[in-house]
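Please open the model in a viewer and keep the sequence at hand. The tour below proceeds by selection, with a short account of what each selection shows.

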Amino acid sequence: MFGKIGVPEILLILVVVLLLFGAKKLPEMARSLGKSARILKSEAKAMKSESTDSQSAPSDPPNPNGQQEAPRTIQAAPGDVNSGRPVAQPSDTTTKR
């Protein structure tokens, strides 16, 4: 019933998209889509590196100087307006009785 999509079908789809959204909105939409893809990629990379870090070092060693470490940040994707955001560190809130 449905055949292969060829060049005429792709051109028809592009014309319909152009008519629906207009020529002014398409570059803005493409830019927004690219920015979202970069953010998703950087977040996935951060989660993957965090996952491998937690597997290699199951517990954090105590700080020998007794100083509190600076909070970690996830670097924003290139072209993003925000430079980075702090990452919430898990803390041990349980008390031993």
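The expected span of a helix is 1.5 Å times one less than its number of residues. This rule will be applied at the second stop of the tour of this predicted model.

**The whole chain.** Begin by displaying the chain as a cartoon. Two helices and two strands appear, and their order along the sequence is α-α-β-β. Next, colour the chain by confidence. The average pLDDT is 75, and 54% of the residues score at least 70. Confidence is highest in α1, with a mean of 89, and lowest in strand β2 (residues 84-86), with a mean of 54.

**Helix α1.** Select residues 7-21, which form helix α1. How far apart are the end C-alpha atoms of α1? They are 21 Å apart, which agrees with the 21 Å that 15 residues should span at 1.5 Å a residue. Then select Gly-22, just after α1, where phi is positive, at about 85°.

**A nonpolar patch.** Return to α1 and select Val-7, which lies in this helix. Is Val-7 buried or exposed? Val-7 counts as exposed because its relative accessibility is 59%, and the cut-off for exposed is over 50%. Extend the selection to Ile-5, Ile-10, Leu-11 and Leu-14; with Val-7, these residues form a nonpolar patch on the surface. Together they have about 510 Å² of accessible area.

**Helix α2.** Select residues 25-56, the extent of helix α2, and pick out Leu-26 within it. Which residues does Leu-26 touch, leaving aside those up to four places away in sequence? Its partners are Val-17, Leu-18 and Phe-21. Leu-26 counts as partly exposed, because its relative accessibility is 28%.

**Back to the full view.** Finally, show the surface of the chain. About 9,300 Å² is exposed, and carbon and sulfur atoms supply 62% of that area. Buried residues make up 5% of the 97 residues. Of the contacts with a separation of 6 or more, 38% involve residues 24 or more positions apart.

Notes: Residues are numbered from 1 along each chain as its sequence is written. This is a predicted model: local features need pLDDT of at least 70, side-chain atom pairs count only at pLDDT 80 or more; totals for chains, interfaces and linings use all residues. Side-chain values use heavy atoms; hydrogens and water are left out. Helices (H or I, at least four residues) and strands (E, at least two) are DSSP runs, numbered from the N terminus. Buried means under 20% relative accessible area, exposed over 50%, partly exposed in between (1.4 Å probe, protein chains only). Contact means heavy atoms within 4.5 Å. Accessible areas come from the Shrake-Rupley method with a 1.4 Å probe; for residues, only the protein chains shown count as cover. Patches are made of residues with over 30% relative accessible area and no salt bridge: like charges are joined within 9 Å, nonpolar side chains (Val, Leu, Ile, Met, Phe, Trp, Tyr) within 5 Å. A salt bridge is a side-chain nitrogen of Lys or Arg within 4 Å of a carboxyl oxygen of Asp or Glu. pLDDT is the predictor's confidence in each residue, from 0 to 100.
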